[in-house]
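This report describes the fold and packing of one protein chain. It begins with a helix, then turns to the core around that helix, and ends with a few individual residues.

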Amino acid sequence: MKEEQFRTTYKKAVDAMKSSETMKQGLVNKMEQKRRPRKMVYVAASVLLAAGIGLAGPNLWQQLNGTAGSDQVAQVNPGTPAAGTSAGIVIPKIELPDKTTGVAASMVALIVYKGNIYTQAATRIEAADAAALRGEQLGRTTGGIDEWSGKDEYIELASNIGEADIYTVKGYDSGFLVMSYTEIDGQVYADLYEHTNGITINSGADLFGKLNLEGRIASAQWESFSSWNNGQQQYLPLPGGEALDGFLTALQTAKPLAAEPLMEQGIYDSEDRKIIYLQLDDKARVELTLFGQGLVRYGTAPVFFEVESGAFQALWNSMNP
């Protein structure tokens, strides 16, 4: 199974996961079968995640996915928006676990840098292309974070990915994106981590602007929900041109919406979704999920974006099998 297929299969398993011990064990067993050096980092975090499902919340996974109960993960800025603008969405910092409560936290792959938690990014980079994006070395992670770690253990460059060198990413703000990069016996292991909490989003530019999408699309593909949901990886070419350009421009001014209310209303119950993959000129690949009602989500940031309807529909309608 290819790595991307593994990621997709893993993602589907988590989406469908309940607090069944059988399912937890099944996932753990499945990932153990796929153990390879680069994936060991991914698997380690995944096992922690699986172990945390069903535990009393809030937890990191719930916060990242906007499913926490009373602990709202994204809030509308109570301030009055200026004329012609929408209210901002405040994404609080990820709440660190308090081990004195005896409540364990679920884990996703994360590192601590400058007091902020960076989680595995929705933007990917192939190992072969990582060196070209590697910037200034920021330090080396110490590992040691697990589901039982308390706040006092979330120190600078602590992580749950083991020991890895951390670098800036050329062309990106290190306040948003950093890279783990390690070479073992000539083999490169690299991943991107993004900081999408503890921020206020007033428009799409506050998130997508950090990815510098406009004018940098080298190629694009899309995938139907059925293919994505079944791990079939049936990628179809997404032509560039006016529809894509118009969508990317509209994305910058898209209205942010808190994720939690939409998820409570069952936005993920609908299969009216399409996934697009934007290959940038620096080889990074950005994944966006489009929802039929005109919304877009990037990764696990607890915010959706309402894109201008004409631009959204033009792109949506261009994606036909």
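In this predicted model, the buried residues of helix H8 are Leu 244, Phe 247, Leu 248, Ala 250, Leu 251 and Gln 252. The buried residues of H8 pack against two other helices, H6 (205-208) and H10, and against the strands E11 (217-224), E14, E15 and E16.

**The main core**

The largest nonpolar core is made up of 52 residues, and those with the most contacts inside it are Phe 247, Ile 276, Leu 278, Leu 288 and Leu 290. Helix H8, which spans residues 242-252, supplies the largest share of this core, namely five residues. The core also draws on two domains, with at least three residues coming from each of domain 1 (89-98 + 105-200) and domain 2 (201-320).

Which residues does Phe 247 touch, if residues up to four places away in sequence are not counted? Phe 247 is in contact with Ile 276, Leu 288, Leu 290, Val 296 and Val 307, and also with Ala 311, Phe 312 and Leu 315. Separate from the main core, there is a second core of ten residues, which includes Ala 109, Ile 111, Leu 157 and Ile 161.

**Helix H10**

In helix H10 (residues 309-318), Ala 311, Phe 312, Leu 315 and Trp 316 are the buried residues. Viewed down the helix axis, the buried residues of H10 fall within an arc of 125°, and they therefore line one face of the helix. The packing partners of these buried residues are H8 together with strand E14 (273-280), strand E15 (285-291) and strand E16 (295-298). At the start of H10, the backbone nitrogen of Gly 310 has a side-chain oxygen of Glu 308 within 2.9 Å.

**The loop between E6 and E7**

Tyr 154 lies in the loop that runs between strand E6 (134-140) and strand E7 (165-169), and Leu 157 and Thr 141 are found in the loop between E6 and E7 as well. Is Thr 141 buried or exposed? Thr 141 is buried, with a relative accessible area of 2%. The side chain of Thr 141 has a polar atom 2.7 Å from the backbone oxygen of Gly 162, and a polar atom of the Thr 141 side chain also lies 2.8 Å from the backbone nitrogen of Ala 164. Leaving aside residues up to four places away in sequence, Thr 141 touches Ile 111, Leu 157, Ser 159, Ile 161, Gly 162, Glu 163, Ala 164 and Ile 166; of these, Ile 111, Leu 157 and Ile 161 are among the residues named for the second core.

Leu 157 is a residue other than glycine with a positive phi, near 65°. For Tyr 154, the C-alpha atom is separated by 9.2 Å from that of Gly 144, which is ten residues away along the chain.

**Two further sites**

Asp 185 sits in the loop between strand E8 (177-184) and strand E9 (187-194), and although Asp 185 is not a glycine, its phi is positive at about 55°. Arg 124 belongs to strand E5 (residues 123-124), and its side chain reaches the backbone oxygen of Ala 121 at 3.1 Å. The C-alpha atoms of Arg 124 and Ala 284 are 5.7 Å apart, while 160 residues separate the two along the chain.

The table sets out the relative accessible areas of the residues discussed individually.

| Residue | Relative accessible area | Class |
|---|---|---|
| Thr 141 | 2% | buried |
| Tyr 154 | 9% | buried |
| Leu 157 | 10% | buried |
| Arg 124 | 23% | partly exposed |
| Asp 185 | 83% | exposed |

The class of Arg 124 follows from the cut-offs, because buried requires a value under 20% and exposed a value over 50%, and Arg 124 has a relative accessible area of 23%.

**The chain as a whole**

The secondary structure of the protein consists of ten helices and 17 strands. The protein has 321 residues, of which 50% count as buried, and its accessible surface amounts to about 14300 Å², with 49% of that belonging to carbon and sulfur atoms. Among the contacts between residues at least 6 apart in sequence, 68% join residues that are at least 24 apart.

Technical notes
Residues numbered from 1 in each chain as written. Predicted model: local features only at pLDDT ≥ 70, side-chain atom pairs only at ≥ 80, totals over all residues. Heavy atoms only, no water. Helix = DSSP H or I, 4+ residues; strand = E, 2+ residues; numbered from the N terminus. Buried < 20%, exposed > 50% of the residue type's maximum accessible area, 1.4 Å probe, protein only. Contact = heavy atoms within 4.5 Å. Areas by Shrake-Rupley, 256 points an atom, 1.4 Å probe, with all protein chains shown as cover. Core = buried A, V, L, I, M, F, W, Y, C linked by side-chain atoms within 4.5 Å. Domains from an automatic or database assignment. Arc of directions from axis to C-beta. Polar contact = N/O pair within 3.5 Å; in protein donor to acceptor, adjacent residues only side chain to side chain.
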